[in-house]
Amino acid sequence: MGNMPARSVDFILTDPPYLVRYQDRTGRRLINDDNAEWLAPAAAQMYRVLRNDSLCVSFYGWTQTDRFITAWRAAGFRIVGHLVFRKRYASKARFVSYMHESAYVLAKGRPALPANPPADVIDWVYTGNHLHPTQKPTGILKPLIETFCPPCGIVLDPFCGSGSTLAAARASGRAYIGIELDHGYFHMAGNRMAA
């Protein structure tokens, strides 16, 4: 992101590491999910490359909410909404059964209100996580892109994993930019977009 021009993207939709040392049932892990050193610099770069009066939707790890909110606010973002993605299954159980994912809607400046705002509770469709251990379904991402990104806009996902945001942006008729540190997932996302 550091090489991207300032104010060059219209919407950011991303699913960064949750800072929880996640490991799926098959042993797959995520790069940088064991440290928060990247969080504040990434939030600052996201704010810098986002156009004025635009929005970002970022998933986050709920056990690390304070860290995420601190980084977003330090970058300049303002929280304007919260999304809950309701699952039909528990991904884990401890004191409670974990049956949802969450994301914040973050504003840079004063974006216009959408004509048809999405509901803040959205039903999750399980992907099977075949491409990535925390793969997001394109069906829940596409309406967010269509609502928060102008028709000819550019969507950025700076933690693009296997490319679900990119696939949803393409299906929505938007241009897209994906950034991914893991070479395997980077190539997978590229192949997915080329298919």
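**A short note on helix α2, its rings and its strands**

1. A good place to start is Lys-108, whose charged end sits over the ring of Tyr-47, 4.7 Å from its centre. Here a charge sits over a ring if NZ of Lys or CZ of Arg is within 6 Å of the ring centre and within 35 degrees of the ring normal. Lys-136 does likewise with Phe-59, its charged end being 5.1 Å from the centre of that ring.

2. Before going on, please note that this is a predicted model, where local features need pLDDT of at least 70 and side-chain atom pairs count only at pLDDT 80 or more, while totals for chains, interfaces and linings use all residues. Residues are numbered from 1 along each chain as its sequence is written, and side-chain values use heavy atoms, leaving out hydrogens and water.

3. Back to Tyr-47: what does its ring pair with? A search of the whole structure finds twelve aromatic pairs (rings of Phe, Tyr and Trp, the last by its six-membered ring, with centres within 6.5 Å; planes under 30 degrees apart are stacked, over 60 edge-to-face, the rest tilted). The rings of Tyr-47 and Phe-77 have centres 5.1 Å apart and planes at 85 degrees, so this pair is edge-to-face. Tyr-47 lies in helix α1 and Phe-77 in the loop between α2 and β3, so the pair ties together parts 30 residues apart in sequence. Helices (H or I, at least four residues) and strands (E, at least two) are DSSP runs, numbered from the N terminus.

4. Is Phe-77 buried or exposed? Phe-77 is buried, at a relative accessible area of 4%, whereas Tyr-47 is partly exposed at 22%. Buried means under 20% relative accessible area, exposed over 50%, and partly exposed in between (1.4 Å probe, protein chains only).

5. Helix α2 (residues 65–75) has Thr-65, Phe-68, Ile-69, Ala-71, Trp-72 and Ala-75 buried. They cover an arc of only 165 degrees around the axis, which puts them on the same side of α2; the arc is taken from the directions from the helix axis to the C-beta atoms. Asp-66, Thr-70, Arg-73 and Ala-74 are exposed on the other side. Just after the helix, Gly-76 takes a positive phi of about 120 degrees.

6. Two of those buried residues, Phe-68 and Trp-72, also belong to a cluster linked by ring pairs, together with Trp-38, Tyr-60, Tyr-104 and Phe-159.

7. Finally, β2 is mostly covered, with seven of its ten residues buried. Five bridges join it to strand β1 (residues 9–14), running parallel, and six join β2 to β6, running antiparallel. Strands pair if DSSP finds at least two bridges between them.
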